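Here are some notes on the aromatic side chains of this structure, written for someone who is looking at it for the first time. Please read them with the model open beside you.

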Amino acid sequence: MKETELVKTADGSHTLRLVGTDEHYHSVYGAVTEALHIYIHAGLDFIVSGGKQKIGLFEVGYGTGLNALLTAIWAEEHGVEVMYTAVDAHPVDEGVLKMLNYGEEGENRDAARSIWPQLCNAKWNHTSRISKFFSLQLLHEPVEFVDLSNQHFDVVFFDAFAPAVTPGMWSEEIFQKIAAAMKEVSVLVTYATSGVVKRAIAAAGLEIEKIPGPPGKREMLRAVPKLTKPKSFNVRVYGVLIYNECVLVTDEFRLGIFMTKFPGGGLKFGEGTVDCLKREVREEIGQEAKNIQHYYTTDFFQQTKKLRPGQQLISIYYRFDIDHPDAITVKEKIMDIPLNDGAQSFRWVPLQQLNAEMFTFPIDKKVAEMIKND
């Protein structure tokens with residue numbers, strides 16, 4: 001291991017800096033904040049939204065173990081079994097790991113205190129059962145030499161040092177090797193966005209998406225395998241609320257992307273579509289939907305791309321009313337929301353100003369055109 005020094009970041013959590021360089025293991029703008037944003041929300045939350053209950057995860061650059069800790073906590077919270085395989089040619093010494101304050105930071109302090117000592121003591125080239133939902137395999141060797149021929153990963157965390165420091169880690173050959181070990185419905189996330197990285201990932205046959213980065217970094221990358229056909233259906237129910245010649249839209253930040261859409265969400269098993277609309281209106285707006293009338297159901301093939309990869313999307317739209325539309329808290333500015341997963345705000349858009357391009361998703365765009373032409 002190279003010589004390091006302890007650094008306290010903006011959110012209070014520690015990172016390590018390589019002595020004699022400006023290279024850090026995690027962002028000085030917030031180590032935990034960065035890891036949650038890039039790897040947990042944009043990676044794990046993204047892939048589990050498709051219904052996965054068992055996940056194989058591969059990390060390039062185990063480093064301080066912070067990503068593993070947050071994943072272990074996430075697995076316990078979601079009841080999702082995670083087999084976490086991490087590779088690192090230069091592991092951080094156990095004594096240095098125990099100096100990091102990861103067992104004391106964040107909202108899940110009790111879970112962190114329980115899991116962090118086990119991660120610090122985990123043996124290399126060995127598989128450790130950390131908790132009911134989390135197992136950890138640590139491989140002490142360069143990623144070039146790791147045998148992935150029989151692996152099938154759902155999620156890849158690519159967290160090696162920057163390409164300028166370790167250019168060989170970001171080669172086309174490395175990404176091709178990893179892509180070959182990824183399932184058809186899977187995701188790779190990384191903080192790096194340089195042209196070299198994008199070209200290497202694309203050459204491996206993965207579709208790249210730039211999404212907002214954590215504090216201190218404008219963008220990050222998320223990549224998925226090119227899908228040949230969907231594997232399941234995803235049924236969504238949305239509401240069209242028109243009041244005073246305006247239509248209600250919602251701006252949201254979820255799974256690493258900003259989106260503008262109509263209010264609504266996913267149909268739950270055992271739920272009718274009208275019941276789903278009523279629940280969504282109750283949850284999002286805090287009122288009861290009434291005068292519900294079917295407006296539109298998807299009549300063309302649409303495969304999910306930005307969210308829940310590998311599914312055919314069926315969206316059902318209803319017109320509805322509520323008793324107190326003036327009571328809805330709305331914003332004037334577009335995307336007037338924090339960079340927190342699940343953040344949401346509403347806006348009234350005048351019908352005369354409504355256009356398809358203000359919406360993020362193709363089916364919403366069609367519905368917007370229908371409303372405009374009514």
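1. In this predicted model, a good place to begin is Trp-170, which is buried, since its relative accessible area of 2% falls under the 20% limit for that class. Tyr-191 also counts as buried, because its relative accessibility is 15%, again under 20%.

2. A search of the whole structure finds 17 aromatic pairs. In one of them, the rings of Tyr-39 and Phe-157 have centres 5.0 Å apart and planes at 55 degrees, so the pair is classed as tilted; the range for that class ends at 60 degrees, over which a pair would count as edge-to-face.

3. This pair joins distant parts of the chain, with Tyr-39 in helix H1 (residues 31-48) and Phe-157 in strand E7 (residues 153-158), 118 residues apart. Both Tyr-39 and Phe-157 are buried.

4. Trp-170 and Tyr-191 also form an aromatic pair, and this one is edge-to-face, with 5.9 Å from centre to centre and 85 degrees between the planes. Here too distant parts of the chain are linked, as Trp-170 belongs to the loop between E7 and helix H5 (172-180), while Tyr-191 belongs to the loop between strand E8 (182-190) and helix H6 (195-203), 21 residues apart.

5. Elsewhere to look, Tyr-238, Phe-262, Tyr-296, Tyr-317 and Phe-359 form one aromatic cluster.

6. What lies over the face of Phe-46? The residue is Arg-222, placed at 4.0 Å from the ring centre.

Key: Residues numbered from 1 in each chain as written. Predicted model: local features only at pLDDT ≥ 70, side-chain atom pairs only at ≥ 80, totals over all residues. Heavy atoms only, no water. Phe/Tyr/Trp six-rings, centres within 6.5 Å; stacked < 30°, edge-to-face > 60°. Helix = DSSP H or I, 4+ residues; strand = E, 2+ residues; numbered from the N terminus. Buried < 20%, exposed > 50% of the residue type's maximum accessible area, 1.4 Å probe, protein only. Lys NZ or Arg CZ within 6 Å of the ring centre and 35° of its normal.
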